[in-house]
Amino acid sequence: MSAQLVLSDTGANFGTWEAVFRKAAPDVALVHDQPARDLSGIRYCMTWKPLPDVYTRMPDLKALFVLGAGVERFLADTTIPPQVEIVKMAEPGLTQAMEHYVLWQVLELHRDFRGLATAQREVRWIDQSYPAPWDRKVGVMGLGTLGDAVARKLQSFGFATRGWSRSAKSIDGVDVFAGGDKIAAFLDGLEILVCLLPLTPETRGILNADLFRHLAPGAGLINVGRGAQLNEADLLSALESGQLGGASLDVFHTEPLPEGHPFWRHPKILVTPHLASDVDPESAAVAIKRQIDRLETGQGLEHVADRRRGY
Ligand SMILES: NC(=O)c1ccc[n+]([C@@H]2O[C@H](COP(=O)([O-])OP(=O)(O)OC[C@H]3O[C@@H](n4cnc5c(N)ncnc54)[C@H](OP(=O)(O)O)[C@@H]3O)[C@@H](O)[C@H]2O)c1
């Protein structure tokens with residue numbers, strides 16, 4: 001018998017997802033959530049923007065597949081019963097898009113494309129030098145599904161790559177640091193810092209003046225984690241003083257970024273509208289089907305969010 005999976009999402013197009021599942025995971029029967037629909041008996045649900053009361057209407061819910069990256073909103077939702085497993089999205093489309101975005105921004109900062117664009121606008125033929133990638137110290141905060149892939153990608157492009165996570169791990173060719181007591185050693189003299197941390201009480205506001213002081217003078221910052229991880233005033237001061245040389249920001253405290261916000265027109269900030277990476281429906285369907293198969297065959301789910309850790 002095929003497994004039933006509810007799509008409960010106010011923004012998703014059911015027909016599109018149904019077609020994707022028919023092609024990529026035909027033995028999963030997609031069920032369209034509607035306001036007040038009784039969904040008892042169904043064990044699986046996928047969502048990003050759930051319909052009202054869906055968790056009450058799914059008394060047999062076992063696994064909730066989050067159709068986006070970053071689960072802080074779901075972990076804070078007290079209407080989700082504690083026995084429901086909240087599953088983080090991990091699929092190749094999302095990961096590859098993030099690798100591309102970060103590589104793009106690292107290369108842009110490494111080769112100072114902003115300086116070159118300014119020179120072109122001013123019709124100036126400039127002499128620009130830059131270090132070899134192996135002399136460029138790049139660090140990735142957060143070595144989960146995305147940070148691990150990004151650190152490997154940067155290393156494969158020749159950058160002197162470091163990584164930082166909560167627990168110890170090993171990545172070929174990457175200098176890995178773990179835990180709060182190693183953060184200073186990780187940051188020391190970094191020239192480009194990438195934030196790919198989840199938003200938790202520990203990581204809120206972590207990108208601040210104290211942290212910037214550890215970086216090389218004129219370092220670049222790339223924030224693709226969450227906007228609330230950045231102290232915006234500290235960033236503006238660090239750019240003003242030259243402590244930081246540039247920032248590429250994809251995530252913000254308030255999204256969309258308000259029209260009058262100083263980041264929009266800042267010459268040293270590149271703003272992108274929270275599009276670094278998104279879920280690819282087809283590979284997401286394959287990943288969800290694989291997870292359902294694991295659960296149905298008693299293997300247990302992967303990428304389950306830890307309510308205690310907050311990610
Ligand atoms: N801008 C975008 O378009 C976009 C797209 C996708 C995701 N994101 C953001 O990227 C985040 C990361 O995604 P992911 O799938 O890679 O997450 P993940 O698999 O949950 O990995 C999180 C990583 O952060 C580390 N970490 C968590 N708290 C820490 C702390 N206090 N100190 C040090 N390290 C800590 C974890 O360490 P351990 O390995 O030791 O557990 C892990 O390596 C998401 O939560 C989301 O906010 C943004």
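**Exercise 1.** Determine how the residues of the shell around the ligand divide into nonpolar, polar and charged in this predicted model.

*Solution.* Step 1. The shell consists of the 28 residues around the ligand, and Lys88, Ser167, Lys169, Asp250 and Tyr311 come nearest. Step 2. Sorting the shell by residue type gives twelve nonpolar, ten polar and six charged residues.

**Exercise 2.** Identify the backbone atoms that lie close to polar atoms of the ligand, and state how much of the ligand the protein covers.

*Solution.* Step 1. Consider the oxygen atoms of the ligand: a backbone N or O atom of Leu143 lies 2.9 Å from one oxygen atom, and a backbone N or O atom of Leu146 is likewise 2.9 Å from an oxygen atom. Step 2. Consider nitrogen: a backbone N or O atom of Arg166 is found 3.0 Å from a nitrogen atom of the ligand. Step 3. On its own the ligand has 940 Å² of accessible area, of which the protein covers 92%. Step 4. Two or more residues of the shell come from each of α6 and β7; α6 gives the most, with three residues.

**Exercise 3.** Which strands stand at the edges of the open sheet, and why is one side of each left without a neighbour?

*Solution.* Step 1. Write the order of the seven parallel strands: β8-β7-β6-β9-β10-β11-β12. Step 2. β8 (175-178) and β12 (269-271) stand at the edges; each has a single partner strand, so one side of each has no neighbour in the sheet. Step 3. From one strand to the next, the twist averages 15°.

**Exercise 4.** Describe how helix α6 is placed relative to the sheet strands β6 and β7.

*Solution.* Helix α6 (residues 145-156) lies across β6 and β7 (160-165), and runs at about 170° to β6.

Definitions and conventions:
Residues are numbered from 1 along each chain as its sequence is written. This is a predicted model: local features need pLDDT of at least 70, side-chain atom pairs count only at pLDDT 80 or more; totals for chains, interfaces and linings use all residues. Side-chain values use heavy atoms; hydrogens and water are left out. Two strands pair if DSSP finds at least two bridges between them. Helices (H or I, at least four residues) and strands (E, at least two) are DSSP runs, numbered from the N terminus. Axes are lines fitted to C-alpha atoms, for helices over the stretch in contact, and angles run from 0 to 180 degrees between N-to-C directions. Contact means heavy atoms within 4.5 Å. A residue is near a molecule or strand if one of its heavy atoms lies within 4 Å of it. A polar contact is a pair of N or O atoms within 3.5 Å; within protein, one must be able to donate a hydrogen and the other to accept it, and residues adjacent in sequence count only if both atoms are side-chain atoms. Accessible areas come from the Shrake-Rupley method with a 1.4 Å probe; for residues, only the protein chains shown count as cover. Ala, Val, Leu, Ile, Met, Phe, Trp, Tyr, Cys and Pro count as nonpolar, Asp, Glu, Lys and Arg as charged, and the others, Gly among them, as polar.
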